[in-house]
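Got your viewer open and a selection box ready? Here's a walk through this complex, stop by stop.

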Amino acid sequence: METMQFDILTISGAILLIATFGIVATRGFMDWLNAYRYQSIVLSGVTAIIGYVTGIWEIYIAAGLTLVIKSIIIPKVLTYVTRKLEIEFKLETNPYVSIRASVIISALLVALSYFLIQQIPFKSDQIVNVYLPVSMAQFFIGLFVLVNRRTVLSQVVGLLIIENGLFLFAMALTHGVSLLIEVGIFVDILVGILISSILLFRISRTFDSLDVGKLENLRDD
Amino acid sequence: MYNIATLVVGLIQVLVMLALAPLLTGIIRKTKARTQKRIGASILQPYYDLLKLVQKDEVVSDQTSWIFRACPWVNFAAMATAAFFIPVFLVYTPFGLVGDLLLVIGLFALGRFFTMLAGLDVASSFGGLGSSREMMISALLEPALFLSIFVVAITYGGTNLSTTIEASSISSFLPHPQIIFAAIGLFIIILGETGRLPFDNPATHLELTMVHETMILEYSGKSLALMEWSQSIKQIILFTLMVNIFVPWGISSSILLPSLAVGFFMFAGKISLFGIFVAFLESSVAKWRLFRIPDLIAIAIATSMIGIVLCYL
Amino acid sequence: MTDSFTLFQAAILLYVAGAILGLLSRNTSLTRTITFLPPTVASVLLVIFSSSIIISGKSFQFVAPGTLSFFNFEILVDGISAFFILIIGIVSFAVSLYSIGYSKEYEIKKRTSALVFLFNIFILSMVLVVASNNAFFFLVFWELMSLTSFFLVIYDHDKEENLKSGMTYLVMTHLGTTFIFASFLLGYIQTGSFSFDSFRHGSAGFPLLVKNLVFVFAFIGFGTKAGMVPLHVWLPKAHPSAPSNVSALMSAVMIKIGIYGMIRTIFDFSGFGASPDFAWWGMLLIVFGSASAIVGVLYAVVERDIKRALAFSSIENIGIILVGLGLSIVFTSFQLTAFAVLALVASMYHAINHAFFKGLLFMGAGSVVSVTHTKNIEHLGGLVKQMPWTSLLFLIGAISISGLPPFNGFISEWFTMQSLLSSYHIPSTILQISIAFASLPFALTIGIAAATFVKLFAMTFLSKARSKHAINIKEVSRSMILGMSILAAACVLFGVVPYLGTSLISTAFHLSSQPSSPFDSISIQNNSGKSFANLSMPVVVIIISSVSVAIFGFIRVLGGDTKKTTYGTWDCGFGGLNERMEYTPTSLSQPMRAVFKVFFKPHNQTEKESFGENPYLLKSIKIETVIKNIFEETFYAPIISSFVFFFDKVRRLQTGKINAYLLYIMITLVLLLLFVRLSNNV
């Protein structure tokens, strides 16, 4: 039973990482959204597993909320906002590091996360052992996406990945913070996405581009 | 040690200095005249000049301020006060407790400060020229003078001139080779301080060569008399220092009358000889170009520095 | 205790009140008088407070517990602090009075409220720096002092150059603060407390390396504030830019706070003891002191800006103070207590003297600038007839600073020379000879200083006016003259009665030997017990005055009554002698420039315009003499350009790209986590 539970945990963690890699490896905005949706579904499953393992019923609610907000509402909102944008804004054509190299870097980041977590003394808990490196890897990959990509849309996606990583981090360490706080975080994310969507729209209007490199012009020389 | 008698002898020493100062100038002038195959004026001529000048009316420039008028008095007061601290024919002076060699130099500097101001006060280019040159020479003489004093002070144990001359009168040159270097340094400095050749020509009235004369060019009457007299006092003070520190032979060590008399005549003889020596030297050298004067001062500084090293080794 | 506490509190409250009053004031002559009253009264209170501390010999301590859990607000005014508070009190009293008349100049142009506000806070912060007994609050007040003075430097911010000077000042002063901070941090690491008390008690146990580091950091840090070469570059820029009353405070008092910090650190916190290990500290001070003295005075003598010349001369005087201090350290480390006392007295006597005459001279220069509206002495001249009082007071200051008897500068220079001469007691030939050679630049400095002030005084006040700036001007107001006369009186008093100064210093610093009566001669003994040197200024003054009276009578009797005729200056019979034929400041210092040409690297730029082809028929000729500032060119310029080069590279980090910034965050994060990870491993 114990080993089987551990296997389930490991497998779910691996699936989560694969979902994250999906974002790194793809080029178009719609692909990212799909990968994100997929990742969120896995995340809610993982949350449910955590709930099952720990036996805390509140975590199931968190899992449900994850499913609803992250895999349905947020992708919907983003699709709605970007529907008017022209297709070239939605394609990441020229990242700083090529897709191939970024996949390798992401793998290194995963290794780094495992290395970093290894020595932190939380050994007693299997959930922590399995998910903490995963969450950290997700966090790093999200950050890497932010660094690497030029368009504002992919920045938003990077932010979402980081958020997922943090959510998992908190969930793994605390086994579900107070439900009220989690609901708050979800609402926060939702509003954040709304605001960034509006900004994104404005930026595309004003600069006629969604390349964050153009913001360089704001520098005071 | 310091009773009324010493105080009286001390005051007599001061008066001797003040009184003999013009005579020394007269001796130097006479010697110079003789070396140039001239008969020259009497050695008492400076006294006649002073007497005549104090009785004359003065012409004062309308550009000048009170600084110009105060300068001769400040100068004289500074030089006469400096004379209080110099042992002349007695190895000590009761005023040694009041001031030392550094004070004497300070008083000289005070006089020179006012002379330079007075030179600039008259608003002619002559005065400025003299002050400008004097600024350079005096600023450079200061360290040379201090270094040679350094040697003398640490060899004879004090800047208090009574201590210094007392110590020098009972010791000989031989254990103190540094004293010879100090003497060479001090001699060069004295030539500069008193405005002698090759630094400055006291007999000239040519603007290319004048230094001290230009600053007092506008003075007349009583003021000129005071300026001339204080310059002679400064000269006799410096010559006395030279003679008493480096060749203190015959100086009286007690206030008994016979030894005082011997001391006095020895002093008069030594200082006249020194004056004659300076006059011969002046006749045999030409005035140096202004910007070669620092070289001469550098020689004085260097010899004093060697003196310092010898002191400690 | 309670009395002095009340006095101290009252003084502080008055300064605060003055600052607030200044902010609320409007520009009328009535409020101008009122707004400078609180600092005037407060300064009097400070003088009473500090002299009562010095006389009683009891230090005044006050701790406000729990102000901040870690840093107690501690005040300790012992003899040393009281001595410096006394300097602050006397000078700020005179300057406050002076400011009543002086700030009138600024009313026309702009509001004086900021000036009054900053003026009060500036003095207050200096008092609190000196009184602080806790490293944290010391630094807070130190920074307050630096910032208020910075704002005062750029008070005339309409002029581009003032802003530049302000920036130089700001950078240099913070460089200094960093080193002071480092020095205190070492103390904190060793003792675990920021209180000066713990430094004081714990410092003897520091390892030798720490002691040396504490000293070197404090030396650089406080040396910057004091204006020591080669960290002096800010001083000749900042001091002339400030309004003159503030320049007087900065030059007379603020740079002494740097000296205070140095003394405090060396004798209290650095574990300094009577061991030859520490002799090199003193030698370091002597070397940098002599360098400051000679560099300062060489720039002063060729300077044409009256206030900048005074600022350079401040560097020179700080050098003299440092030489005395250094000698005192060397003597102490060889356990020659009597000579250590002599050198310390020399140094502190010069500190207080410099406060007096530099305050006086800056106020005098301020008076001149306020009526003529130019700082360039090329354009001045002939002011002595139009401003008799200012010129008399400036002359007193000039004689004092040139070290001429019978005024105060002579006394402290006499002491310093005697300390230099006493170096023959040191049992080390190398040190003996090096100190003897160090006296060479020292003596040269004194000589050139006299030349500098001959030039400054004569070119400003004597002969004919060289431009219309100096014609038809009026004497300054009475409050300004009063302010100057207070310091002039102090100069004369401390020169004629040195007993005042020596007993003040020896009581304040708890030194062993004290003169017993004002007429006693200051005496130094040599090895055989005879008098090495003696000085009794009151008697000297008596001799000078009786000689003057005697010669006046003698000349009068000999020559009888003679007439004085006023006539033009001798013009060689050509007539038409005018101001263009006079010596100018530049031509006056030309021999100096020529002699020290290695240092100045003077360069003449000539522009000629001739009639037609013949080069000998000149229509006009313009000669400009330029001297180089070798410190800025050879020392600072390479440093600055390498910094600019480096920061240009660093600047590339600021790309303006969000991605790059995020990358920095990411790298930082990874590095931090790695650090945690690896340190956990160990």
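Start in the loop of chain C that joins helix H19 (429-461) to helix H20 (478-496), and pick out Asn472(C) there. Keep in mind throughout that you're looking at a predicted model. Turn on backbone torsions: Asn472(C) has a positive phi of about 55°, and it is not a glycine. Is Asn472(C) buried or exposed? With 9 other C-beta atoms within 10 Å, Asn472(C) counts as exposed, because the cut-off for that label is 12 or fewer.

Stay in chain C and jump to His373(C), in the loop between helix H15 (337-372) and helix H16 (383-386). Another positive phi here: His373(C) sits near 60°, and again the residue is something other than glycine. His373(C) is exposed too, having 11 other C-beta atoms within 10 Å. Both stops are worth a click for a simple reason: most residues other than glycine have a negative phi.

**Two cis bonds**

Next, select Val229(C) and Pro230(C) together. Which way does the peptide bond between them go, cis or trans? Cis, with omega near 5°. For orientation, Pro230(C) is in the loop between H10 and H11 of chain C.

Now move to Pro405(C) and Pro406(C), where you'll find a cis peptide bond with omega near 5°. Pro406(C) belongs to the loop that connects H17 with helix H18 (408-421) of chain C. As a reminder of the background, most peptide bonds are trans.

**How far to trust it**

Colour chain C by pLDDT. Its mean is 86, and 95% of its residues reach 70 or more. Which elements mark the two ends of the range? Helix H17 (residues 388-401) of chain C has the highest mean pLDDT, 94, while helix H5 (residues 104-109) of chain C has the lowest, 70. Where pLDDT is low, the predicted coordinates should not be read in detail. For the complex overall, the predictor reports a pTM of 0.82 and an ipTM of 0.94.

**Domains of chain C**

Colour chain C by domain: the assignment has domain 1 at 1-272, domain 2 at 274-515 and domain 3 at 634-681. Put a marker on the C-alpha centres of domain 1 and domain 2 of chain C, and you'll get 21 Å between them. Where these two meet, 44 residues of domain 1 of chain C and 47 residues of domain 2 of chain C take part in the contact.

Highlight the domain 1 side. The elements of chain C giving two or more residues there are helix H3 (37-56), helix H4 (79-102), helix H10 (208-226), helix H11 (235-241) and helix H12 (244-269). H4(C) has the largest share of that side, at 15 residues. Switch to colouring by residue class and the domain 1 side that touches domain 2 of chain C shows 31 nonpolar, eleven polar and two charged residues.

**Between the chains**

Zoom out. Which pair of chains has the most contacts? Of the two pairs that touch, it is chains B and C. Select that interface and you'll pick up 73 residues of chain B in contact with 73 residues of chain C. On the chain B side, the elements with two or more residues are strand E1 (58-61), helix H3 (66-83), helix H4 (101-121), helix H5 (125-156), helix H9 (221-246) and helix H11 (293-312). H5(B) gives the most, with 19 residues. By class, this side of chain B comes out at 43 nonpolar, 20 polar and ten charged residues.

Don't look for an interface between chain A and chain B: no contact joins them, and their closest C-alpha atoms are 52 Å apart.

**Last stop: chain A**

Isolate chain A and show it as a cartoon: seven helices and zero strands. Of the 221 residues in chain A, 39% are buried. If you like contact maps, look at pairs with a separation of 6 or more: 71% of those contacts in chain A join residues 24 or more positions apart.

Finish on helix H5 (residues 126-148) of chain A, which spans 33 Å from first C-alpha to last over 23 residues, close to the 33 Å expected. Follow the axis to Leu132(A), where H5(A) has a kink of about 25°, shortly before the proline Pro133(A). Is H5(A) mostly covered or mostly open? Covered: 20 of its 23 residues are buried.

Notes: Residues numbered from 1 in each chain as written. Chains lettered and ligands numbered in written order. Predicted model: local features only at pLDDT ≥ 70, side-chain atom pairs only at ≥ 80, totals over all residues. pLDDT = per-residue confidence, 0-100. Helix = DSSP H or I, 4+ residues; strand = E, 2+ residues; numbered from the N terminus. Expected span 1.5 Å × (residues − 1). Bend = angle between axes of the 7 residues up to and from the residue. Contact = placed C-beta atoms within 7 Å. Domains from an automatic or database assignment. Nonpolar A, V, L, I, M, F, W, Y, C, P; charged D, E, K, R; others polar.
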